[in-house]
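User: Could you walk me through how to read strands and overall chain shape in a model like this one?

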Amino acid sequence: MSRFLKVVFVVMWMVSLPFVSHSQDKPSSAENATVKGYVKDASNGETLIGVNIYVRELEKGTTTNAYGFYSLSIPSGSYTLEFTYLGYDQAKVTVDLKESQTLDVEMKEEALELTEVVVVGEREDQNVTNIEMSTNKLNIQTIQKVPALLGEVDVIRSIQLLPGVTTVGEGASGFNVRGGSIDQNLMLLDEAPVYNSSHLFGFFSVFNPDAVKDVKLYKGGIPSRYGGRLSSILDVRMKEGNSKRFSGSGGVGFIFSRLALEGPIIRDKASFIVAARRSYIDILARPFLNDDLSDTKLNFYDLTLKTNYKINEKNRVYLSAYLGRDNFGFGGGAGFNWGNATTTLRWNHLFSDKLFANFTAYYSNYDYELQFGDDSENRFDWNARIINYSLKPEFTWFLTPTNLITFGGQGIAYVFEPGNAVGVSEGEISDISLSKKYAIEAGVFIENEQTINSRLTLHYGLRLSYFNYTGDGTAYEFEEGTPGIRRLPISSEDFDQWESIQTYTNLEPRASVRFQLNRKSSIKASYNRMAQYIHLISNTTASTPLDVWTPSSNNIKPQLADQIALGYFRNFKNNTFETSAEIYYKDLQNMVEYIDGADLLLNEFLEGDLLTGDGRAYGLELQIEKKKGRLTGWLSYTLARTERRVDGINENDWYPSRFDQTHNLSTTLFYDLNKRWSLSANFVLNSGTPATFPTNRIEQQGYIIPHNSGGERNNVRIPVYHRLDVSATLAGKKREGKSWSGNWVFSIYNLYSKRNPFSIYFQQQEIRPANGDPIQTEAIRLSVVGSFIPSVAYNFKF
Amino acid sequence: MKNYIFATFLLSILALASCTDVIDVNLQEGTPQLVVDAWITTKLETQVVKLRQTSPYLDNAPSPNVIGATVTITDNEGVTFNFTDDNDDGDYTWEPNGQAFGTIGRTYTLSITTADGQNYTATSVLNPTAPIDSITTEVREPELGNPEGIYAQFFSRDLPGLGDCYWIKTFKNGQFLNKPQEINIAYDAAFSAGAEVDGLIFIPPIREAINRIPDTGDDAVDDSDVSPYAVGDVILVELHAIPEDAFYFLEQARTQMTLGDGGIFAEPLANVFTNIENTDPNSTEEALGYFCVAEVSSLEHVVVE
């Protein structure tokens, strides 16, 4: 604990620094004035996140926050404020600052003049000057250009092209960041967590690209305002809706039809966006299905909705909602469906010119449902869910141009329903439902981004998190046993509603530093500790929609991660090329693992089948990105290792995790051929992921059981994975006076038809052997995508 | 079983896009170990304890025999059954001669002394089984990808008391349904412990798992277009009252043999446990396999129109 206290003192001292320096500054800055406002897109009124505002005369600046708001407190005088944002023309505004004033700025999207050299602002060196490291920002325009599977633009699949991000294979849900499992990513859609990011297992993600404004992935140096997951934060922000005029966008592809409508409700005061998608594989397939499959139902859809209302200059409210569902029906009353639902209500309030506040309340739900049988005498119904409610106040205090303080808190109430299952057999009812579980999670945080001088910037903060696993419920105590063998409960205790069963508290220090070497290069370093209190119970290669979340308890400790990262950032050729090199080391504690033969579904004594272990992950990430010109894109390479050590697995020795990839190379390129045609391609090359192969066979009762004589886990690697995807986009002709514009996207996924193995498994021959005949065994390669997949999609805007 | 049903569900969808190929793989070499295959029943037929060695997984020759061992089973009342390898083929046998093996409720200990002087032991209790009341067949419309045809189910009620386990073995015209996917086991009347299904009639998925699983692949003959049963077929169902541990052994063995059915949702390969112990705790020689005793009930049914 003393180590913690030390950290607390250091952080408290650092946090107090700005106050001290501020009070010292006071005499000389008596005539300080504040300029503040919102930065928006001129065409549709969408606020812009992360716009750089730079005061040339003072060589100081700031950036807009997640709501497009900025505030600068500077001595009175005349200044030129430069607003720069990638893909937009620089805006220069001259202000004569005598007293505090509001300055809302609208920025125009960069006109695409291919024949001319693009004139750019000077502050395009965020890669080097920004304190953020281990962070990737993707705007929706970039995501839309990446060649996509079946032409469906996808946020998660685009993220998998970034350094440090891997997946176990095509069709697998989620993504792995720097050796973390998929449940260690906090995926936020307008601040509400999304528990399952996939439609149709892992083929498509739940985020509708028509409604997404901005995507940011934090892999390290995670600010203290985020907590609850170990490995990454994926912050997805939705569009607010065009506040200038009614408009729409949409498309028709092989999988989805999409339509989004947006527009002002009250001009410059209120706007909305509604975006919907639905798959129609079932409709297309119906004529081709045999009679016995004609009852088959297969569809998925999502609906995204957002509206906002500007009450006055100081108050603005936002309401966003998401609903998504996957439906599978198999006839005969058998069906399976799952999905997320979230609702977020936010209130932005300006307490003063310098103090911006946001209050968020959200609800998030993930559930699934299965049914068998349409006969009341013989049926089985099963569902499970996780629900949470949260309140989250957050304050941004633009104290001085050199100190940007963020503080606040969060409270979350969880309800877990791990399985409600009722079976009816010949009229006899059996209820095998598991009891519900409840928990409270809370956190308070403070952080400061402090510019010491033009070379040195610090960002430090602290988060105090608390978890309370509460009743009503039954807590079990399990026997001490041999690791790796199922432990049975030896006693149980009942608890009342909201009575504490087990509490945990963690201090999570976070810190980043940037040191500017020269105008073109900088070095950055960061440390973060993260705590995670809820766990996804999954022991399969790809997570299934049936996996349930479970809270930390008297038997499951919270997972902890400490990560350090060090990076070198350099830009070349007037910021045309951005390069970065980062190394990281991550230490993981209390990872959840599973005994052999674990029973994870509908098991009241699940905790007796769990193991805990340690993890470690380290690696080198290199990236080069070309930002300007007709050819843009990036090339990234990751050299990494991620391992686990668990008592009871692999003879208690370290073993590579299932998603370990030694080498991971990916390149994504975009080329504007002429005014109408643009091309894009991406190529990925990965080391094979580890797998466990048998060595021997055990003959038993006429069966051949595979056996590994060393008891090893992940002892072999499946072959290298590589794939090339290409696409071409033809923009429709612009017609004078018409707002309709469309484009055709032609793409081929897996161009050279590589049969990449997802896994290799072993089995007895599939044809039934005659009694007494020797049984043949074989190795089978499973490829999720067996050939190239061409597609055509039409997208439109009006 | 729960997992298995849903994996099948999920995969019927994924199957559209994915493809599988048989490939050549070089597996690491493992250390050979003794394998004991001793599933003793009360059936009036020759009872066998097979002793073999593990062999390379993809080596399709039968595993090597282990000969020259002494094999006995003794109950807790001191009654001994000697199993002898008269043909030197690693099959150690005992003949019932009209008197079925064992007495319900007694504990049986298997003892093996191999030619190289290692001693192995395992124990099991002989549990009573439930009678099979009936086997019925019906003609069904096509559903869930199954063709129109004759489908069978058996009816039996789990014995009262928690933790009764059963292995339901089905024979179609004398041919044992021997695919790993066809291993049909029950914990009380359902799939696993914890379900409040004690003393009930077996639940429908267990009742109906006496229909064969069709062949797949290019060489398939008995594929999913063929009705599971036809008029005139003889269905024999046996209900083996296996110990609880044997239930878990078969459950894990089935999982490990059918990992590929999970596709992208497959669990990692893991070793199946054994109940065979070397009596010398310091010995490095460890055996694999399983020993248990089970009472068996059975019922035969001829499919008529």
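User: Let me begin with one residue: which residue in E9(B) does Thr107(B) stand opposite?

Analyst: Happy to help! This is a predicted model. Thr107(B) stands opposite Val125(B) in E9(B). The two strands, E8(B) and E9(B), which covers residues 119-125, pair in the antiparallel sense over 7 bridges.

User: What is special about Gly117(B) in the hairpin of E8(B) and E9(B)?

Analyst: Look at its backbone angle: Gly117(B) has a positive phi near 85 degrees, and the hairpin has 5 residues between the strands.

User: With which sense do E5(B) and E8(B) pair, and over how many bridges?

Analyst: Strand E5 of chain B, residues 70-75, pairs with E8(B) in the antiparallel sense over 6 bridges. As one pair to find on screen, Ile73(B) stands opposite Leu110(B) of E8(B).

User: Along E8(B), which side chains are buried?

Analyst: Follow the alternation along residues 107-113: Tyr108(B), Leu110(B) and Ile112(B) point to one face and are buried. Thr107(B), Thr109(B), Ser111(B) and Thr113(B) point to the other face and are not buried.

User: Now chain A: how many helices and strands does its secondary structure come to?

Analyst: Chain A has 5 helices and 51 strands. Its radius of gyration is 27 Å, close to the 28 Å from the globule rule for 798 residues, so chain A is as compact as a globular protein of that length. Along the principal axes, its C-alpha atoms fill a box of roughly 95 × 65 × 50 Å.

User: What share of the residues of chain A count as buried?

Analyst: Of its 798 residues, 49% do.

Methods
Residues are numbered from 1 along each chain as its sequence is written. Chains are lettered from A and ligands numbered from 1 in the order in which they are written. This is a predicted model: local features need pLDDT of at least 70, side-chain atom pairs count only at pLDDT 80 or more; totals for chains, interfaces and linings use all residues. A residue is buried if 20 or more other C-beta atoms lie within 10 Å of its own, exposed if 12 or fewer, and partly exposed in between; C-beta atoms are placed from the backbone. Helices (H or I, at least four residues) and strands (E, at least two) are DSSP runs, numbered from the N terminus. Two strands pair if DSSP finds at least two bridges between them. The radius of gyration is taken over C-alpha atoms; the globule rule is 2.2 Å times the number of residues to the power 0.38.
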